Each structure stands twice: as C-alpha cells, then as structure tokens.
Amino acid sequence: KWLPHVTLAELPRAVWSDGRSVAFHPRGDEEAIAALEAAHDAQGVHLLIDESAFWTDSGRGRGGVIERIARSARHYGMTLALTTQYAGADVSQQILACAPELWVFRTRVKRGLKVLEDRYGLDPSRVSSLENGWAFNGR
C-alpha cells in the first residue's frame, strides 16, 4: 500500500497534527528545504529520504540542510534514513559519520564493493551474495 501524497501546505497538519505517515515529493529545492527544516524543528519525526544523492549533492548546494539534520537529529528525537545507490560517493562523509547504522543491500558494482571493504571492512563476497531484498547492518 502506497502512502498518500501531500503538498507542502498539507504536510504540517498531516504529520504533526493528524500523526499520519505521508509521502511528500517536493517540486523544487525551496520546497525540499522548507520541509526538511520543518521536520528538523518538530519532535519525534521519522524522515526517509529516498535516492538521497539528489538532495545531498554538494555541487548543487543541497547538502547543508541534510547535514545539519544528520548532526542534530537524535537531539530532536528524529530518525533520519537515507537510501542511496552508492554510499561512498552519493552521501558525504559528514553525513555518514553521524549514522549509527549502515544497512547494506546486495551490490555487485566493483567500485561500491571496494568502498564498502575499505571504509567499513565489509566482505565483498558477503555483500555481493546477499539475496535480493535482504540486508545486514554494516556497522
């Protein structure tokens, strides 16, 4: 079952007043930053940023808000989860340093396996042989 989509205007009421789980797809950088800042200032929010590389690309000036949230999320009772295709390049080391957990799904990309081995000491054969949809905590 898919989560209902809401607009930026509907987001505060849906999440913080009604306590619903919703999907929000920003129409641009300004909406994304506004939503991230609202989530940061709220208490007890579980925030999932899918394909986070799009929003953490420092070349586009987008990493600042997410890095601030990553550094302070636990102080606000927030859970921050990011998905990425390639943790070694898509997510900055500043954000990864704040992550208490690193869940690893199967990959067979040599460059990605090398990063997981070098930075996290993970066995490339274990990562590449995971069944589709299975993961393990790499920390």
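Let me start at the surface, with Arg27, which is exposed at a relative accessible area of 75%, where exposed means over 50%, buried means under 20% and partly exposed means in between, with a 1.4 Å probe and protein chains only. Before I go on, please keep in mind that this is a predicted model, in which local features need pLDDT of at least 70 and side-chain atom pairs count only at pLDDT 80 or more, whereas totals for chains, interfaces and linings use all residues. Residues are numbered from 1 along each chain as its sequence is written, and side-chain values use heavy atoms, with hydrogens and water left out.

Arg27 sits in the loop between strand 2 (23–24) and helix 2, where helices (H or I, at least four residues) and strands (E, at least two) are DSSP runs numbered from the N terminus. The side chain of Arg27 makes a polar contact of 2.7 Å with the side chain of Glu31; a polar contact here is a pair of N or O atoms within 3.5 Å, and within protein one of them must be able to donate a hydrogen and the other to accept it, while residues adjacent in sequence count only if both atoms are side-chain atoms. As for distance, Arg27 and Arg71 lie 44 residues apart in sequence and 25 Å apart in space, C-alpha to C-alpha.

In that loop between strand 2 and helix 2 we also find His25, which counts as exposed because its relative accessibility is 53%. Which residues does His25 touch, not counting those up to four places away in sequence? They are His5 and Glu31, where contact means heavy atoms within 4.5 Å, and with His5 there is a side-chain polar contact of 2.8 Å. The C-alpha atoms of His25 and Leu8, 17 residues apart in sequence, are 8.6 Å apart in space.

Now for the chain as a whole. It holds eight helices and six strands, and reading along the sequence gives the pattern β-α-β-α-β-α-α-β-α-α-β-α-α-β. The C-alpha trace spans about 45 × 35 × 30 Å along its principal axes, and buried residues make up 35% of the 139 residues. Among contacts with a separation of 6 or more, 53% are accounted for by residues 24 or more positions apart.

Turning to the interior, the largest nonpolar core has 27 residues, of which Leu36, Val104, Leu122 and Val127 touch the most other members; by nonpolar core I mean a set of buried Ala, Val, Leu, Ile, Met, Phe, Trp, Tyr and Cys residues joined through side-chain atoms within 4.5 Å. Helix 2 (29–41), strand 3, helix 4 (63–72), helix 6 (93–97) and helix 7 each supply at least two residues of this core, and the largest share, four residues, comes from helix 4. Leaving aside neighbours within four places in sequence, Val104 is in contact with Leu116, Leu122, Val127, Leu130, Trp134, Ala135, Phe136 and Gly138. Apart from the largest core lies another one, of six residues, among them Val6, Leu11, Val22 and Phe24.

Val22 also appears in the surroundings of Val15, a residue of helix 1 (residues 11–17), since beyond its neighbours within four places in sequence Val15 is in contact with Arg20 and Val22. Is Val15 buried or partly exposed? Val15 is partly exposed, because its relative accessible area is 21%.

Two loops remain. In the loop between strand 3 (46–49) and helix 3 (53–56) lies Ser52, which counts as buried because its relative accessibility is 0%, and which touches Leu82, Thr83, Thr84 and Val91 when residues up to four places away in sequence are not counted. Glu51 is found in that loop as well, but Glu51 is partly exposed, with a relative accessible area of 36%. The phi of Glu51 is near 50°, a positive value in a residue other than glycine. For context, most residues other than glycine have a negative phi.

The other loop runs between strand 5 (103–105) and helix 7 (110–120) and contains Thr107, which counts as buried at 17% relative accessibility. The side chain of Thr107 reaches the backbone nitrogen of Val109 at 3.3 Å, and, leaving aside neighbours within four places in sequence, Thr107 is in contact with Leu113, Leu116, Val127 and Ser128.
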